[in-house]
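Could you walk me through this fold, starting with the whole chain and then stopping at a few places worth a look? Keep it relaxed, and keep the model open beside you.

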Amino acid sequence: MGISIQHVYKRFADFKALEDINFEIGAGELIALLGPSGSGKTTLLRIIAGIEFADEGELVYGTGITTKTPLKDRNIGFVFQHYALFRHMTVAENIGFSLKMKGEKKEIIKERVDELLKLVQLDGLHKRYPSELSGGQKQRVALARALASRPRVLLLDEPFGALDANVRKDLRKWLRNLHKEIKVTTIMVTHDQEEAFEVADRVVIMNKGRLEQIGKPDEVFHNPANPFVIKFLGNVNIFHGRIDSGKKEITSSSEISPNAKLYVRPHEWEVHLKNEKENSVEAVIDYINAASSVVKIDLTSNHGEELQVDIPYEKFKSLGIQKGDRVFLSPKEMKVFEDDFVI
């Protein structure tokens with residue numbers, strides 16, 4: 001079931017939580033709502049679930065269900081960040097709870113619980129209680145419970161936020177594979193861009209209640225729509241620039257140009273020992289972190305700008321550079337934003 005989100009607005013007193021949110025979610029698609037705290041992503045998820053209501057706009061589901069349809073008739077599964085499992089119930093009882101409330105026969109409930117435990121790779125844990133499970137196991141039980149009634153839409157609110165980094169990494173891969181198998185329309189809220197890019201078919205980037213960009217993960221990363229998106233998606237070096245006959249030139253921050261700002265990500269620099277290329281930036285190395293396959297270098301340009309550069313370890317070794325050395329940086333790629341336009 002696809003979802004059409006049509007010009008949705010939401011306010012809380014004087015706070016604009018959502019402003020003109022308008023996009024389509026395809027049937028069977030996994031969408032990630034990504035943005036900083038307060039961007040409106042959880043509010044949008046709760047409106048889709050029917051827990052909150054939009055002040056303006058409409059949601060239309062593929063089956064003709066709208067925001068006016070009672071919550072009980074939407075058949076939407078919801079997974080919370082902190083599991084929300086019933087502590088006094090076993091794993092099997094937690095998963096089968098919604099079916100029991102609908103009056104399903106015990107045999108049908110048992111069959112569905114067995115099927116779901118196998119699906120989430122927790123066979124044999126029927127009789128355990130939540131207190132006897134790891135964080136990753138609890139989250140899988142919560143997901144199985146949400147899937148028990150065969151929902152048309154699955155909503156995940158920071159599903160891995162309460163887990164440590166290693167468990168999150170394993171569960172991201174598991175969720176991606178699970179989604180391929182069950183093919184239910186899924187919307188996931190997260191502030192973790194690595195998580196969103198690894199799991200989602202498309203990413204919706206939000207900021208201050210507005211939709212900044214929507215697209216496939218690689219499209220969004222390599223073709224950011226505006227300065228907010230490129231800065232939100234990781235470290236970036238920003239320069240005042242000049243555009244002359246289509247040519248992009250880096251200038252110092254003290255020579256502010258009204259034309260444009262140039263954005264260069266740390267991995268988009270080339271490092272040279274001599275001033276070999278046009279449009280190079282001269283800089284002194286302040287700090288080197290070589291404890292990885294990617295060496296992270298902090299520098300200060302000759303105009304006082306603090307810069308960050310990432311280079312492969314082999315390249316670092318071949319250069320033979322160290323703290324205090326003077327080097328020259330040339331951008332392999334840069335994004336240029338002039339007023340409200342991207343160049």
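What follows goes from the chain as a whole to a pair of helices, a strand and a run of hairpins.

Bear in mind that this is a predicted model. Zoomed all the way out, the C-alpha atoms fill a box of roughly 75 × 45 × 35 Å along the principal axes. Inside that box you'll find nine helices and 19 strands. Of the 343 residues in the chain, 47% are buried. If you take contacts between residues at least 6 apart in sequence, 65% of them join residues at least 24 apart.

The outside can be summed up quickly too. The chain exposes about 17600 Å², and carbon and sulfur atoms supply 49% of that. On the charge side, there are 49 positive and 50 negative side chains, with the centres of the two sets 6 Å apart.

Now find helix α2, which spans residues 91–101. Its buried residues are Val91, Asn94, Ile95, Gly96 and Leu99. An α-helix has 3.6 residues a turn, so residues three or four places apart point the same way. With that in mind, step from Val91 to Asn94 and Ile95, and on to Leu99, all of them on the buried list. What do the buried residues of α2 pack against? They pack against α3 (106–119) and α4 (135–147). Just after α2 comes Gly103, with a positive phi near 80°.

Helix α4 is a good next stop, since Arg140 lies there. Is Arg140 buried or exposed? Arg140 counts as buried because its relative accessible area is 16%, and the cut-off for buried is under 20%. Its side chain reaches the backbone oxygen of Val120 at 3.2 Å. Val120 also shows up among the contacts of Arg140, together with Gln121, Leu122, Leu171 and Trp174, once neighbours within four places in sequence are left aside.

Next, look for Leu156 in strand β6, residues 153–157. Leu156 has a relative accessible area of 2%, so it is buried. Which residues does Leu156 touch, not counting those up to four places away in sequence? They are Leu45, Val79, Leu143, Leu175, Thr186, Ile187, Met188 and Val189. For a sense of distance, pick Lys315, which is 159 residues from Leu156 along the chain: their C-alpha atoms are separated by 41 Å.

Last comes a set of three strands, with β15 (residues 294–301) as the one to follow. In a regular strand the side chains alternate between the two faces of the sheet. You can read that pattern straight off β15: Val295, Ile297, Leu299 and Ser301 point to one face and are buried, while Val294, Lys296, Asp298 and Thr300 point to the other and are not.

How many bridges join β14 to β15? Six bridges join β14 (residues 281–289) to β15, and the two run antiparallel. They form a hairpin with four residues between them. Going on from β15, seven bridges join it to β16 (residues 306–312), again antiparallel. This pair also forms a hairpin with four residues between the strands, and Gly304 in the turn has a positive phi of about 90°.

Asp298 makes a handy marker for lining up these strands. Tyr287 stands opposite Asp298, and Asp298 in turn stands opposite Gln308 in β16. Asp298 is also one of the β15 residues on the face that is not buried.

Conventions:
Residues numbered from 1 in each chain as written. Predicted model: local features only at pLDDT ≥ 70, side-chain atom pairs only at ≥ 80, totals over all residues. Heavy atoms only, no water. Buried < 20%, exposed > 50% of the residue type's maximum accessible area, 1.4 Å probe, protein only. Contact = heavy atoms within 4.5 Å. Polar contact = N/O pair within 3.5 Å; in protein donor to acceptor, adjacent residues only side chain to side chain. Areas by Shrake-Rupley, 256 points an atom, 1.4 Å probe, with all protein chains shown as cover. Lys, Arg positive; Asp, Glu negative; His and termini not counted. Charge placed at Lys NZ, Arg CZ, Asp CG, Glu CD. Pairing = 2+ DSSP bridges.
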